[in-house]
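Student: I have a structure open and would like to talk through how its pieces fit together. Could you help me reason about it?

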Amino acid sequence: MSARLPEGVDAVLPRGARDLLPAAARRRRVVTEALLGVFDRSGYDPVVTPAIEYFAVFGRWLAERERQRCVRFIEAGSGELVTLRSDITPQIARLAGQQLHERLAAGEAVRLCYAADVVRLSEGTHEQSERHQVGVELLGDDAPEADAELILLADEALRAAGVQGAALEVADVGIARGLFERLPSCDVEALHGLLARKDAGGVARFAAGLALGEEPRRWLGLLCELFGAPGILGHVPADIRARWPWLAERLARLEATLAVVEARAPELHARLIVDLGEVRGFDYYTGLRLRAWAPGSARPLVVGGRYAGGAGFAVELDALEASLDADAAVVAGRAGGVMVAIHNREPQARALATARAEAERAAGRRAWVQAGLSLEAAQAAAAEADVLVYFGADERAEIWSQGQPGAWRRAEESGA
Amino acid sequence: MAPRADGLTLALPKGRILKQALPLLRRVGIDLAGVWEGEHDRRLLVELPGRPELPGGARVLLVKPVDVPTYVEHGVADVGIAGADTLGEEARDLYEPLDLGIGACRLVVAEPAARPTPLRRGMALRVATKYPRLTLNHYRSKGIQPEIIPLFGSVELGPITGLAEQIVDLVESGETLRQNNLREVETILYVTSRLIVHPASLKLKQAPITALITALRDALATDGSGSSARTAARPIGSEGTA
């Protein structure tokens with residue numbers, strides 16, 4: 001098979017897909033292991049879900065616009081419609097219903113974590129079609145403390161992966177949705193759009209057309225502007241809380257969640273942004289909605305929320321890595337190890353080099369062989385190595401060590 | 001790519017809208033006079049030094065109107081000014097906190113005055129437009145699946161040359177339509193320009209952006225400009241996604 005592309009093939013990959021070369025792939029693995037390590041220490045058990053699902057089962061969780069972004073095909077033999085997973089949470093919900101219901105029914109909380117890729121067709125300006133996620137789901141615990149656990153865990157995970165000081169955005173989509181249910185008959189979808197855009201003027205004009213009391217009208221207007229530090233919860237007028245016990249209950253729950261975060265991590269509490277008017281996010285969200293932002297990434301590093309039966313979040317690895325790239329304090333390291341190179345490709349010389357590499361590995365070092373290179377070419381090929389063992393034409397080993405990238409220093413010489 | 005950590009980056013639309021936006025921006029402390037020479041100035045990026053009403057200064061990107069939402073959505077700019085037409089054409093994850101009332105126009109369906117095409121469900125129809133998505137949504141709501149003919153300019157030529165039966169385009173006064181013997185059939189969208197904000201910027205640079213929104217809102221309230229256009233309605237399905 002030729003290493004080059006066939007003639008006439010221009011599009012190398014489908015839209016929104018990309019390769020990671022070794023340095024990026026290695027960092028991806030380090031980041032993934034750091035995140036999974038944090039989740040594991042907090043008792044989240046790993047699960048692996050399949051890349052494909054029956055669309056009739058999976059699609060029930062998705063809004064129409066998300067269903068349209070699923071990659072679907074017909075299963076041979078059955079004629080059933082199958083989809084690539086576009087999101088992990090519906091899979092976990094399916095799994096919970098199929099396999100975990102007895103544990104959940106007994107009152108047990110189930111903690112699961114995963115590292116998985118999801119595929120959503122590129123749509124409009126959403127170019128990225130394949131997303132790499134590492135996430136958690138906490139099932140069977142709907143207390144405010146469970147919401148707080150996820151907020152704290154998300155920040156701990158980001159810090160373990162190298163992102164310090166992310167801003168965590170905490171919202172409760174139940175506030176706006178509760179309001180929708182209690183409004184007089186109106187075009188809820190239009191109002192949803194206005195709130196999603198935080199178009200305060202548009203919301204005010206919409207409210208003016210509804211038969212509403214003074215407080216609800218004022219509250220609708222406030223929804224677009226009540227976001228900021230946790231202190232903004234104090235700006236919710238007392239008369240509105242008094243008038244709507246359901247709203248007072250939701251706000252009290254959010255306050256309880258934030259109080260747990262404040263008690264356990266005051267430094268994180270100072271980085272929280274609360275948004276009472278947030279309505280965006282997956283349709284299956286019912287309460288908490290969590291996002292994390294950090295300089296360097298235009299997209300959120302963490303996306304998650306509470307749904308019927310559980311809550312969870314996913315770390316978006318591409319966004320996280322974009323943020324790491326922008327942080328000058330994070331320096332990518334060399335893979336390290338010993339490269340054993342030989343001048344020629346003769347079997348006897350290769351055997352010598354292979355034996356040397358095995359000896360290095362036996363001593364616990366990373367080691368590999370390159371044959372048929374000049375010293376100069378061997379040094380260039382050893383960019384990822386700390387040490388180069390070079391067998392020249394006389395089969396004597398020269399040991400070179402690399403300080404700064406490309407700066408090679410002769411360490412010693414010994415008999416072969 | 002993401003916005004600078006300090007100061008604000010604004011993406012502004014070159015051309016007609018900018019002329020109307022500049023006086024408004026000047027009143028809230030974003031004054032390009034003396035820094036940018038006007039439309040003949042070919043620079044695409046200008047820096048405004050910091051001052052009391054604009055601490056940290058601002059970086060201004062001067063871009064094609066249709067590109068403003070892209071700069072903001074990708075986080076290269078924190079805020080921008082974009083028409084409801086451009087915003088309605090693609091679903092984007094942006095906040096649109098303020099209708100600036102400037103750049104008022106309408107997105108309309110038009111056809112030759114002498115050759116009207118009666119619409120019936122399921123009919124074949126060719127429509128020329130710069131707005132394929134808004135156009136498709138409009139006709140689908142009438143049970144028609146049109147053939148969209150995408151054009152980038154002089155859309156009015158479509159029906160004259162027989163390229164399309166109808167067009168969907170922006171009109172301000174309607175003069176261009178009249179001069180080309182076209183008549184308006186229906187308004188799809190009332191368009192004004194809006195302040196748009198990247199979702200992370202609104203939260204991470206809350207103080208300067210909220211100050212900007214408030215100052216613009218106050219400036220609009222005192223001069224009442226564009227109030228006639230504040231009835232702008234947006235079509236369903238134009239909001240951003242998760």
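Student: Happy to start with a helix. What covers the buried residues of α4 of chain A?

Tutor: Good place to begin, and keep in mind that this is a predicted model. Helix α4(A) spans residues 89-99, and eight of its 11 residues are buried. Those buried residues run through Thr89(A), Pro90(A), Gln91(A), Ile92(A), Ala93(A), Arg94(A), Leu95(A) and Ala96(A). What covers them includes, all in chain A, β2 (52-54), α2 (55-58), α5 (101-105), β5 (110-119), β6 (130-139) and β11 (302-307).

Student: β2 is in that list. Which strands of the open sheet β2-β4-β3 of chain A stand at the edges?

Tutor: The sheet has three strands in the order β2-β4-β3 (chain A), paired antiparallel. An edge strand has a single partner, so one of its sides is left without a neighbour in the sheet. In chain A that applies to β2 and β3 (72-74).

Student: By how many degrees are neighbouring strands of this sheet turned against each other on average?

Tutor: Here the direction of the strands is ignored. On average, the turn between neighbours in this sheet is 35 degrees.

Student: And which residue in β4 of chain A does Glu53(A) stand opposite?

Tutor: β2(A) and β4(A), residues 81-84, run antiparallel and are joined by three bridges. Opposite Glu53(A), in β4(A), is Thr83(A).

Student: Now two helices. Are α7 and α12 of chain A roughly parallel or antiparallel?

Tutor: Helix α7(A) covers residues 173-182 and α12(A) covers residues 245-264; their axes lie 10 Å apart at an angle of about 170 degrees. An angle over 145 degrees counts as roughly antiparallel. Therefore α7(A) is, relative to α12(A), roughly antiparallel.

Student: How many residues of that contact between α7(A) and α12(A) are nonpolar?

Tutor: From α7(A), the contact uses Gly174(A), Ile175(A), Gly178(A), Leu179(A) and Arg182(A), while α12(A) brings Trp246(A), Leu247(A), Arg250(A) and Leu251(A). Of these residues, two are polar, two are charged, and the nonpolar ones number five.

Student: One last residue: is Asp199(A) buried or exposed?

Tutor: Asp199(A) sits in the loop between α8 (188-196) and α9 (200-208) of chain A. The cut-off for buried is under 20% relative accessible area. Because the relative accessibility of Asp199(A) is 2%, this residue counts as buried.

Student: Which backbone nitrogen does the side chain of Asp199(A) reach?

Tutor: Beyond its neighbours within four places in sequence, Asp199(A) is in contact with Leu194(A), Cys224(A), Glu96(B), Pro97(B) and Arg194(B). Its side chain also reaches, at 2.8 Å, the backbone nitrogen of Gly202(A).

Technical notes
Residues are numbered from 1 along each chain as its sequence is written. Chains are lettered from A and ligands numbered from 1 in the order in which they are written. This is a predicted model: local features need pLDDT of at least 70, side-chain atom pairs count only at pLDDT 80 or more; totals for chains, interfaces and linings use all residues. Side-chain values use heavy atoms; hydrogens and water are left out. Axes are lines fitted to C-alpha atoms, for helices over the stretch in contact, and angles run from 0 to 180 degrees between N-to-C directions. Helices (H or I, at least four residues) and strands (E, at least two) are DSSP runs, numbered from the N terminus. Angles under 35 degrees count as roughly parallel, over 145 as roughly antiparallel, 65 to 115 as roughly perpendicular and the rest as oblique. Contact means heavy atoms within 4.5 Å. Ala, Val, Leu, Ile, Met, Phe, Trp, Tyr, Cys and Pro count as nonpolar, Asp, Glu, Lys and Arg as charged, and the others, Gly among them, as polar. Buried means under 20% relative accessible area, exposed over 50%, partly exposed in between (1.4 Å probe, protein chains only). Two strands pair if DSSP finds at least two bridges between them. A polar contact is a pair of N or O atoms within 3.5 Å; within protein, one must be able to donate a hydrogen and the other to accept it, and residues adjacent in sequence count only if both atoms are side-chain atoms.
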